[in-house]
Amino acid sequence: MEKVKEKCGVIAISAPHKSIQVSRYVFDGLMALQHRGQEAAGIYVYNGKNIEGYKGLGLVSEVFSTNTLSCLMGNVAIGHVRYSTTAKSNLENAQPYHFTSTYANFALAFNGTISNFLSLRRKLEEKGHVFTSDNDTEVIAHLVAANLLEVEDFMEALTLVMNQLKGAYSMVLMTETGEVYAVRDPLGFKPLCLGIIPQNESYIVASETAAIDTLGGEFITDIAPGEIVKLSEGEITTRKAVNLKRHARCMFEFVYFSRPDSVFDGIPVHRARERLGRILYRLHPADAELVVPVPDSGRSAATGYAEESGIPIAEGLMKNRYVWRTFIMPLQSHRENQVRLKFNPVKSVVEGRDIVLVDDSIVRATSIRQIVYILKKAGVKKVHVRISCPPIIAACYMGIDFPTRRELIAANHTVKEICQFIGADSLGYMTIEGLMEGIGLPENELCLACLNGKYPIDDIDIELLEKTLGGCRK
Ligand code: SF4
């Protein structure tokens with residue numbers, strides 16, 4: 001599909017007793033985070049003496065078997081699901097990343113993009129660090145190790161690291177003595193939350209609250225932007241390492257990436273999407289008989305649109321959930337075929353009707369164009385398309401896999417032109433003001449860079465990032 005992709009999901013579990021085996025919990029948590037990355041998965045455990053782990057390419061259920069999990073014995077573990085944005089999709093770049101040297105031994109799992117990773121890498125290389133992959137995770141690991149030489153304590157080292165990194169990062173780090181550190185960048189682009197499994201008093205850190213729920217856990221708190229949380233044998237220590245006045249939560253987490261059953265920094269994602277649907281109706285009412293969501297991404301906003309308009313909502317489009325990873329199809333013609341494989345209209349519901357089709361976003365517009373086409377072929381009279389995200393006009397340098405600006409249809413075409421291209425009878429987008437109202441956060445608490453071109457990180461080397469990011473998107 002043409003949807004933009006989240007880079008990764010991370011999880012860490014720290015049980016207070018050595019008798020508790022946590023790899024199965026991490027596996028289940030990764031299954032709950034599978035939507036955040038489908039190219040690779042990995043779990044590393046602290047086995048009481050050392051760090052060991054397993055990772056592979058594919059879905060979590062493809063990478064791990066019961067046998068593999070039973071070999072990963074330990075009461076502390078971290079896990080990762082990956083979708084690549086800044087490096088190639090190969091096993092070398094899969095995470096967690098295990099750093100070992102004479103002076104440091106730890107495993108790291110990371111979600112985000114470090115925008116100054118090339119200059120940091122060059123400085124580290126000048127000091128003698130040798131890199132084996134082309135990813136920014138290895139740069140973070142070497143940076144942690146380099147700072148550990150100065151301060152010999154992970155809390156201090158990570159504090160120094162946070163003052164050197166620029167970009168979006170939520171990460172978990174496990175030491176060779178079984179401590180876990182969870183770190184969220186000072187602007188808070190990505191979610192990261194803390195919970196507890198009451199039966200065995202294990203602490204969980206995860207990219208989304210839905211993973212905590214899946215494990216029967218209880219949410220404790222969001223890890224704050226700029227905060228480090230240390231988990232060690234049933235104890236929690238926190239430090240506010242960097243304090244910024246503004247934050248930059250990725251608006252796409254609310255619009256599309258996060259699961260609707262997750263709560264991001266206190267805001268239930270489903271509710272935010274429903275509010276966006278209501279606002280969308282007020283901005284762009286339509287004379288129609290049915291509201292039809294594009295499953296699953298448009299469902300919450302469609303519910304809001306239907307409630308506000310009084311137009312009944314109906315499942316007029318079915319999704320084949322077993323067509324996976326269509327985004328890796330390199331050619332446009334292949335992607336278009338995948339849309340037909342993935343969606344099928346429910347003719348008995350939509351035939352002869354005027355409908356409002358609600359989806360979360362338009363990137364290249366190839367998917368929505370195909371969907372409008374198959375709906376009209378199924379006998380729909382009029383298709384009014386409503387999109388709960390404003391037009392995407394700029395690239396993302398903070399960890400989301402966007403096509404280049406050239407491929408973003410809204411960067412190069414008017415709404416009228418896009419409407420004609422997709423074959424809809426009308427097209428209405430959310431506004432940036434409406435988006436902020438729907439999410440419930442002001443401009444200085446959100447990243448809106450792909451909508452307005454205002455990047456919340458200073459002096460991003462866009463030219464350099466275009467070269468590195470552009471290379472891996474081909
Ligand atoms: S540019 Fe867009 S996708 Fe990227 S972090 Fe900002 S809001 Fe999210």
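**Ligand.** I began with the ligand in this predicted model, and I noted that the space it takes is the largest cavity. I then looked up which residues surround the ligand, and I wrote down Cys250, Met251, Cys396, Met398, Ile400, Phe402, Cys447, Ala449 and Cys450. Sorting this shell by class, I found nine nonpolar residues, with no polar and no charged ones.

**Domains.** I next looked up how the protein is divided, and I recorded domain 1 as 8-248 and domain 2 as 271-320 + 327-440. The C-alpha centres of domain 1 and domain 2 are 35 Å apart, and I noted that 10 residues of domain 1 are in contact with seven residues of domain 2. For the area buried between domain 1 and domain 2 I entered about 690 Å², with carbon and sulfur atoms giving 64% of it.

**Confidence.** I also checked pLDDT, whose mean for the protein is 91, while 91% of the residues reach 70 or more. Over residues 325-330, however, I saw that pLDDT stays under 50, and for these residues the model has 18 contacts beyond four places in sequence. I made a second entry of this kind for residues 470-474, where pLDDT stays under 50 and the model has 10 contacts beyond four places in sequence. I reminded myself that predicted coordinates should not be read in detail where pLDDT is low.

Definitions and conventions. Residues are numbered from 1 along each chain as its sequence is written. This is a predicted model: local features need pLDDT of at least 70, side-chain atom pairs count only at pLDDT 80 or more; totals for chains, interfaces and linings use all residues. Side-chain values use heavy atoms; hydrogens and water are left out. A residue is near a molecule or strand if one of its heavy atoms lies within 4 Å of it. On a 1 Å grid over the protein atoms alone, a cavity is a set of points where a 1.4 Å probe fits but cannot get out, and a pocket is an open set with protein on both sides within 12 Å along at least five of seven lines; lining residues have an atom within 4 Å of a point. A molecule sits in a cavity or pocket if more than half of its atoms lie within 2 Å of its grid points. Ala, Val, Leu, Ile, Met, Phe, Trp, Tyr, Cys and Pro count as nonpolar, Asp, Glu, Lys and Arg as charged, and the others, Gly among them, as polar. pLDDT is the predictor's confidence in each residue, from 0 to 100. Contact means heavy atoms within 4.5 Å. Domain bounds come from an automatic or database domain assignment. Buried area is the accessible area (1.4 Å probe) that two parts lose on being put together, summed over both.
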